[in-house]
Amino acid sequence: MMSTDQIMQLTYLMLLGAAVGGSVIVAGRDNLGKMAQQAAIWFLIFIGVIAAYGLWGDISNDVNSRQAIISDTRVEVPRSGDGHYYLTLDINNVPVRFVVDTGASQVVLSQQDAQRIGIDVNDLVFGGAASTANGIVRTAPVTLDQVSLGTINDDRLRAVVNGGEMEDSLLGMTYLGLYSRIEIANDQLVLNR
C-alpha cells in the first residue's frame, strides 16, 4: 500500500507529465504522427528510468559485491541485500559461510558444513536441544579446533551441530562474545576485539 507521500509524489508526476504532454500536443498539432512516435519513445525512456531506479538496490548489490573489511582487531561487515550480515570464517582451514546471529547463543553448524570441516555427523550424539523460530531442534556439541577470520585466530571454540535442516550455519554469541564491542550503524556490523 502506498503512503500519503508516495501518492502525492505520483500525483505531482502525473500532473507534470500531463502539462508537458499537453504543451507538446499543442505545439505539434500539425504533425501528430511524428509527435506520437516521439511520445512513445519518451514514454519508454521514462518507464526504463523508473524501472532502473526501482531496481537499483538489487542491481547494485549484485554488481558491487561488498566484502567484509578485516584488520587485526576490527571487522566491518556490510549488510547484505537480504538484510542479514554474512561472514566467512576458516574452520580447520575450510571456509564456512555464516549468518551473523546475535540472537543465537552458540555457533550452530549445519550438518553439511560440519561434514565439510571433517566432522562425522553419524558419530555425533544429538542429545541437546535448542529453541528456534521453527520449534525445538536437536543439537550435538562439538569443539572447533581452529577458527580464523583474517588474522584473527581462535582455538577450541565450542559449537553445536544442528540435527535439523539449515540453509546457513549461524555465527552466534560463543564466537561474537569474544569481541569487546559489537555495533550496527549505517548498514555496517562492526566487531572490535
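Reader: What makes β7 and β8 a pair of strands?

Author: Count the bridges. This is a predicted model, and in it 10 bridges join β7 to β8. Pairing needs at least two, so β7 and β8 count as paired. They run antiparallel. In one of the places where they meet, leucine 144 stands opposite leucine 157 in β8.

Reader: How many residues lie between β7 and β8 in their hairpin?

Author: There are 2 residues between them. Glycine 150 sits in the turn, with a positive phi of about 65°.

Reader: How do you know that β3 and β7 pair?

Author: They have 2 bridges. The rule asks for at least two, so 2 is enough and β3 and β7 count as paired. Isoleucine 91 has valine 147 in β7 as its bridge partner. Strand β6 also pairs with β7, over 5 bridges in the antiparallel sense. A hairpin of 2 residues joins β6 to β7.

Reader: Why are β1 and β10 called edge strands?

Author: Look at the order of the open sheet: β1-β2-β11-β10. Both β1 and β10 pair on one side only. Inside that order, 5 bridges join β2 to β11, and valine 77 stands opposite leucine 189 in β11.

Reader: Why is aspartate 168 called buried?

Author: Its relative accessible area is 19%. Buried means under 20%, so aspartate 168 falls on the buried side.

Reader: What makes aspartate 168 and arginine 97 a salt bridge?

Author: Their N to O distance is 3.5 Å. The limit is within 4 Å, so the pair counts as a salt bridge. Aspartate 168 lies in the loop between β8 and β9, while arginine 97 is in strand β4, so the pair ties together parts that are 71 residues apart in sequence. Arginine 97 is partly exposed, at 42% relative accessibility.

Reader: How do you know that arginine 116 and aspartate 113 form a salt bridge?

Author: Their closest N and O atoms are 2.8 Å apart. That is within 4 Å, so the rule is met. Both residues lie in helix α3, 3 residues apart, about one turn of the helix. Aspartate 113 is buried at 11%, whereas arginine 116 is partly exposed at 43%.

Reader: Why is arginine 156 called exposed, but aspartate 145 partly exposed?

Author: Exposed means over 50%. Arginine 156 has 57%, so it is exposed. Aspartate 145 has 39%, which falls between 20% and 50%, so it is partly exposed. The two side chains meet in a salt bridge of 3.2 Å, N to O. The pair links β8 with β7, 11 residues apart.

Reader: What makes tyrosine 12 exposed?

Author: Its relative accessible area is 54%. The cut-off is over 50%, so tyrosine 12 counts as exposed. It lies in helix α1. Tyr12, Leu13, Leu16, Val20 and Val24 make a nonpolar surface patch of about 470 Å².

Reader: Which residues have the most contacts inside the largest nonpolar core?

Author: They are Leu87, Leu89, Leu144, Leu171 and Tyr175. The core has 32 residues. Its largest share, 5 residues, comes from β7.

Reader: How do you know whether the protein matches a compact globule or not?

Author: Set its radius of gyration against the rule. A compact globule of 193 residues would be near 16 Å, but the protein has 26 Å. It does not match. The C-alpha trace spans about 85 × 35 × 30 Å.

Terms used
Residues numbered from 1 in each chain as written. Predicted model: local features only at pLDDT ≥ 70, side-chain atom pairs only at ≥ 80, totals over all residues. Heavy atoms only, no water. Core = buried A, V, L, I, M, F, W, Y, C linked by side-chain atoms within 4.5 Å. Buried < 20%, exposed > 50% of the residue type's maximum accessible area, 1.4 Å probe, protein only. Helix = DSSP H or I, 4+ residues; strand = E, 2+ residues; numbered from the N terminus. Patch = residues over 30% accessible without salt bridge, like charges linked within 9 Å, V, L, I, M, F, W, Y side chains within 5 Å. Areas by Shrake-Rupley, 256 points an atom, 1.4 Å probe, with all protein chains shown as cover. Rg over C-alpha atoms; globule rule 2.2 N^0.38 Å.
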